[in-house]
Structures are given as C-alpha cells and as structure tokens.
Amino acid sequence: MAVRVRGAVETLPKLMRRLRKDSASSTVSVTQTPVLPSLRRAFSLYDQINLIDNVPDDQLRFQRYTETGFTVNGVNYEGSLLCVGNLVTSWGPRNFSEITPQSLSIFQIIRPIPEILILGCGRNIEPVDPELRRFIRSTGMKLEPLDSRNAASTYNILNEEGRIVAAALLPYGVSS
C-alpha cells in the first residue's frame, strides 16, 4: 500500500506540470477538448448557492427586524407576529408575560402540527413558564425560546429546509 501511495505522490507533480504545459501551449478549437477549470473553481459551490434571492414566492422570509416589528417578504408588520408554515398573522401579546396557552391556542387546531415552535422573546431570551411548556408539549411541538432576532433567522433556515415550523415573535424592542 505504501508503495502505491508513494508512486501516486511522485506521479502527481509530473501530471500537474504536463497539464499546465499542455494548457498553456494549446488553444481550444472545435475538435479539441476544452481545458478543465481549476480545482479551486471545480470544488466551489458558493456561486451556485444563494439562499437570500432564491426563495419561492409563497415561502415566508424574515428580511428585517426593528424595535417595533418585522419585514416579511417585503411587507412591514408592526407588533407581534405568529407564523405557521407560510402563513403570517398579527399576534396579540405585546410583552412576554402576555404569552399564555390561550394566546397560542391556535396550535390545538392547526394541522399538520408544526414540529417546532420558535418563540421570539424580544430583546432577551426569557425563562418560559412551566404551564406554557406543558401546553406546547401537549400539542406535539417542541419549544425553542430565543431572542427575536435569532428566532427570525432560525425560522428562515428551518422553513427553507422544508420543515413544518411555527414562530411566535415579539418585536425586538420588547424587554422584560
């Protein structure tokens, strides 16, 4: 095995020199095969991946947040938002203490049930009331409390992956 590896290591520089020499001295014509791109270019996919601009029209994407609201798909929303899948609606709670099982009761009837509820707590992550945790668990969802800035980003990523996800977000300017 070591002999094979050594042989490959010795052959590689010769092969590279030959390829450079051949590509420098030849011009591509119709009958010749085109010169291959460099390895750096061949293994780079960054130019093919654009998560920001390639969002389907029917998919929600948080583009901006402010102290008082959010921009979703180019539309400015003031206040708290509730997003399920690709639907967005205004949501009642204005501060973290107003988030109750009653304010999230829509999740008792929504189908399919989102696998995760991202709870945007405002400027800071807040401890979630055990009663609220039990309610979320009883619906079959997992709960992920985050500050609203990171909650919006997390929602975008999970939604783009095609996962069934929900977000309940207070504006970023809200703090306890």
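A residue counts as buried when its relative accessible area is under 20%. This tour applies that term throughout a predicted model.

**First stop: the two cysteines**

Select Cys 83. Its relative accessible area is 0%, so Cys 83 is buried. Now add Cys 121 to the selection. With a relative accessible area of 2%, Cys 121 is buried as well. How many disulfides does the count come to? The count comes to zero disulfides. In general, a disulfide is a covalent bond between the sulfur atoms of two cysteines.

**Second stop: the five-stranded sheet**

Keep Cys 83 in view and select Ala 167, which stands opposite Cys 83 in β8. Extend the selection to β4 and to strand β8, residues 165–169; these two pair in the antiparallel sense over four bridges. Next, display the open sheet of five strands, which follow the order β5-β4-β8-β6-β7 with mixed pairing. Which strands stand at the edges? They are β5 and β7; each has a single partner strand, so one side of each is left without a neighbour in the sheet. From one strand to the next, the twist averages 15 degrees. Then select helix α3, residues 130–139, which packs on the sheet and touches β6 and β7. The direction of α3 makes about 135 degrees with that of β7.

**Third stop: the hairpin at β4 and β5**

Return to strand β4 (residues 81–84) and select strand β5 (residues 87–90) with it. These strands run antiparallel and are joined by four bridges. One bridge to find is that of Leu 81, whose partner in β5 is Ser 90. Two residues lie between β4 and β5, which form a hairpin. In the turn, select Gly 85, which has a positive phi of about 60 degrees.

Continue along the chain into the loop between β5 and β6 (116–120), where Pro 112 is placed. Select Arg 111 together with Pro 112: a cis peptide bond joins them, with omega at about -5 degrees.

**Fourth stop: Asp 147**

Select Asp 147, in the loop between β7 (142–146) and α4 (148–160). Is Asp 147 buried or exposed? Its relative accessibility is 9%, so Asp 147 counts as buried. Add Asn 150, whose side chain is joined to that of Asp 147 by a polar contact of 2.7 Å. Then add Asn 124. Along the chain, Asn 124 and Asp 147 are 23 residues apart, while their C-alpha atoms are separated by 4.9 Å. Beyond its neighbours within four places in sequence, Asp 147 is in contact with several residues, including Gly 120, Cys 121, Asn 124 and Tyr 172. The presence of Cys 121 among these contacts leads back to the first stop.

**Fifth stop: the three-stranded sheet**

Select β1, β2 and β3. These three strands form an open sheet in the order β1-β2-β3, and the pairing is antiparallel. At the edges are β1 (62–65) and β3 (75–78), each pairing on one side only. The twist in this sheet averages 25 degrees from one strand to the next. Four bridges join β2 to β3. To locate the pairing, select Val 72 and, opposite it in β3, Val 75.

Move to the loop between β2 and β3 and select Asn 73. The phi of Asn 73 is near 50 degrees, a positive value in a residue other than glycine. Asn 73 is partly exposed, with a relative accessible area of 32%.

Now step back to Thr 71, in strand β2 (residues 69–72). Thr 71 has 8% relative accessibility and so counts as buried. What does the side chain of Thr 71 make with the side chain of Asn 76? The two side chains make a polar contact, at 2.6 Å. Leaving aside neighbours within four places in sequence, the contacts of Thr 71 include Arg 61, Phe 62 and Gln 63.

**Last stop: the aromatic rings**

The whole structure holds three aromatic pairs. Select Phe 62 and Phe 70: their ring centres are 5.6 Å apart and their planes stand at 80 degrees, so the pair is edge-to-face. Both Phe 62 and Phe 70 are buried. Finally, add Tyr 155, which ring pairs link with Phe 62 and Phe 70 into a cluster.

Definitions and conventions:
Residues are numbered from 1 along each chain as its sequence is written. This is a predicted model: local features need pLDDT of at least 70, side-chain atom pairs count only at pLDDT 80 or more; totals for chains, interfaces and linings use all residues. Side-chain values use heavy atoms; hydrogens and water are left out. Rings of Phe, Tyr and Trp (its six-membered ring) pair if their centres lie within 6.5 Å; planes under 30 degrees apart count as stacked, over 60 as edge-to-face and the rest as tilted. Buried means under 20% relative accessible area, exposed over 50%, partly exposed in between (1.4 Å probe, protein chains only). A polar contact is a pair of N or O atoms within 3.5 Å; within protein, one must be able to donate a hydrogen and the other to accept it, and residues adjacent in sequence count only if both atoms are side-chain atoms. Contact means heavy atoms within 4.5 Å. Two strands pair if DSSP finds at least two bridges between them. Axes are lines fitted to C-alpha atoms, for helices over the stretch in contact, and angles run from 0 to 180 degrees between N-to-C directions. A disulfide is a pair of cysteine sulfur atoms within 2.5 Å.
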